[in-house]
Amino acid sequence: MRSGTTGATLEAMATVAEHSGPVFDELTSPLTPAEAFVAADRCLECGGPYAAAPCVDACPAAVDVPAFVAALARDEPENAARIVFADNLLGGTCARVCPVELFCEGACVLQHEGRKPVEIGRLQRFACDVALSTGASLRRSAPYNWLRIAVIGAGPAGLACAGELAALGYDVTVYDERIEPGGLVRYAIAPYRIQREPLPAEARVLAELGVHFELGIEIDSLEALAAVAEDADAVVLAVGLGPDADVRYPGDDLPGVWESLPFIEAIKTGEAPEVGDSVCVVGGGNTAVDVAREAIRLGAGHVTMLYRRTAAEMPAYPHEVAEAIDEGVQIEWLTAPVRFIGDARLQTVECRRMRLGEPDASGRARPEEVPGTEVLIPADTVVKAIGQSPRVAFLSQIDGVDLDHGLIKVDPLTGQTGNPRYFAAGDATNGGATVVEAVRAAKRAAQGVHEWLERGWA
Ligand SMILES: Cc1cc2nc3c(=O)[nH]c(=O)nc-3n(C[C@H](O)[C@H](O)[C@H](O)COP(=O)(O)OP(=O)(O)OC[C@H]3O[C@@H](n4cnc5c(N)ncnc54)[C@H](O)[C@@H]3O)c2cc1C
Ligand code: SF4
């Protein structure tokens, strides 16, 4: 299967991936060994044979938190990492990017007793960082079974699925149009959460399990798909979502007007834009909040988010909105841009006030323009962070793979699509969630592939 492809291997990637970008201070600092020991000692090791601990239930990857934390309390970080990697092959990445407040730490019994929860995210990072730096063996592969799998996309879903399948004994090749693995983790998740590390080390763990990487190769047509799929016994579509949603305003072409993904990618690849003193961010989701906080870190003195509904409808995590406000971000509620104004470059964002009408298809109150309420906001930079569009053009060509609003329809338990040889996982199926939820879907898809092939394609 690999003979017809020309992508760069993981080793080649290491030589081309030089850019790292400005080093924003990390939002959450790593624990020292002494701090990790003390933090691990606070865990009550809840759960037992009849019920999992609440933190385990709350983890989409079902990591055995009390077991790995207990290993840390015994000063066994490599064993702790083995426990994490048994359930999550991107344990080091998730430790940095997971919204733990909503998952494991939010469920910790200490939190529910009004105390500080066990710092599960930081402890997981400590364990994984130690093990990835020593090169400890974290997972083993079953004997090779001669069956081949093609995985399209080396984001979290593709990486986790490829690793799980390699661990089950399959010959797995992952293809990605990018020269580095990681998908949005590498190119979009806020650099104050993750820059590049530990993706290369996690990719090495996968390579040791037997995963082959073909990077810098786009599978964007039926011919290209046929070339990689012809020898594969099953194909996993882990292509994520596409570029920013195509929402246009007059003045879009002015220098200083950005879409969110190129803006963040520029920062993460060492080409951080000069944002000037005043930045507007259009949108009310987590990406908009990230962009606003990045603009503050790039030196902007005035950062204003424009959101066309109210705080009650805002999709961003409330704790991150609060952190952004603490850092100096202002939010103009019930406000939407009308056009971008400037001569040689953006100078002003013209906005109009909104009011809420009847609920729309999403169930949220529909914003309606209030005539005669134009507001001019001076801006050197505006970033549109309105969401991503699905990869309909490519996916709609694949025979039997059904789409719903551009997302791949799958059996939620197996990840199987309408075409039995094709499975799918991650943002391309759920419309955009979190890394650890992509890992959960990837594990289900890997198991789905395995069971389907064991049954003999039935
Ligand atoms: C700005 C932003 C910030 C985020 N912050 C967080 C966060 O802090 N924490 C968190 O948990 N989640 C966060 N997320 C969400 C998280 O990044 C995604 O849920 C996750 O990356 C989805 O993984 P995926 O593998 O499905 O897709 P992706 O990460 O998008 O990976 C898909 C991969 O497929 C490749 N690909 C696509 N089409 C092709 C093709 N035709 N040929 C070859 N390769 C192809 C792409 O290059 C890409 O590498 C954030 C998302 C965004 C946009
Ligand atoms: S809920 Fe908290 S205290 Fe209980 S096992 Fe999980 S991390 Fe430890």
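In this predicted model, helix α4 (residues 65–73) packs against helix α9 (residues 120–134) at an angle of about 60 degrees, with the two axes 10 Å apart. That makes α4 oblique to α9, where angles under 35 degrees count as roughly parallel, over 145 as roughly antiparallel, 65 to 115 as roughly perpendicular and the rest as oblique. Helices here are DSSP runs of H or I with at least four residues, and strands are runs of E with at least two, numbered from the N terminus. Axes are lines fitted to C-alpha atoms, for helices over the stretch in contact, and angles run from 0 to 180 degrees between N-to-C directions.

V65, F68, V69 and L72 in α4 meet I120, L123, Q124, F126 and A127 in α9, contact requiring C-beta atoms, placed from the backbone, within 7 Å.

Around ligand 2 there are 15 residues, of which C43, C46, C55, C108 and V118 come nearest; a residue is near if its C-beta atom, placed from the backbone, lies within 6 Å. Helix α4 gives the most to this shell, with 3 residues.

An open sheet of 3 strands has the order β9-β10-β11 with antiparallel pairing, and two strands pair if DSSP finds at least two bridges between them. Its edge strands, each pairing on one side only, are tabulated here.

| Edge strand | Residues |
|---|---|
| β9 | 335–342 |
| β11 | 365–378 |

Strand β10 (residues 346–359) is joined to β11 by 9 bridges, and C351 stands opposite V375 in β11.

Residues are numbered from 1 along each chain as its sequence is written, and chains are lettered from A and ligands numbered from 1 in the order in which they are written. Local features need pLDDT of at least 70 and side-chain atom pairs count only at pLDDT 80 or more, while totals for chains, interfaces and linings use all residues.

Note on methods. Two residues are in contact if their C-beta atoms, placed from the backbone, lie within 7 Å.
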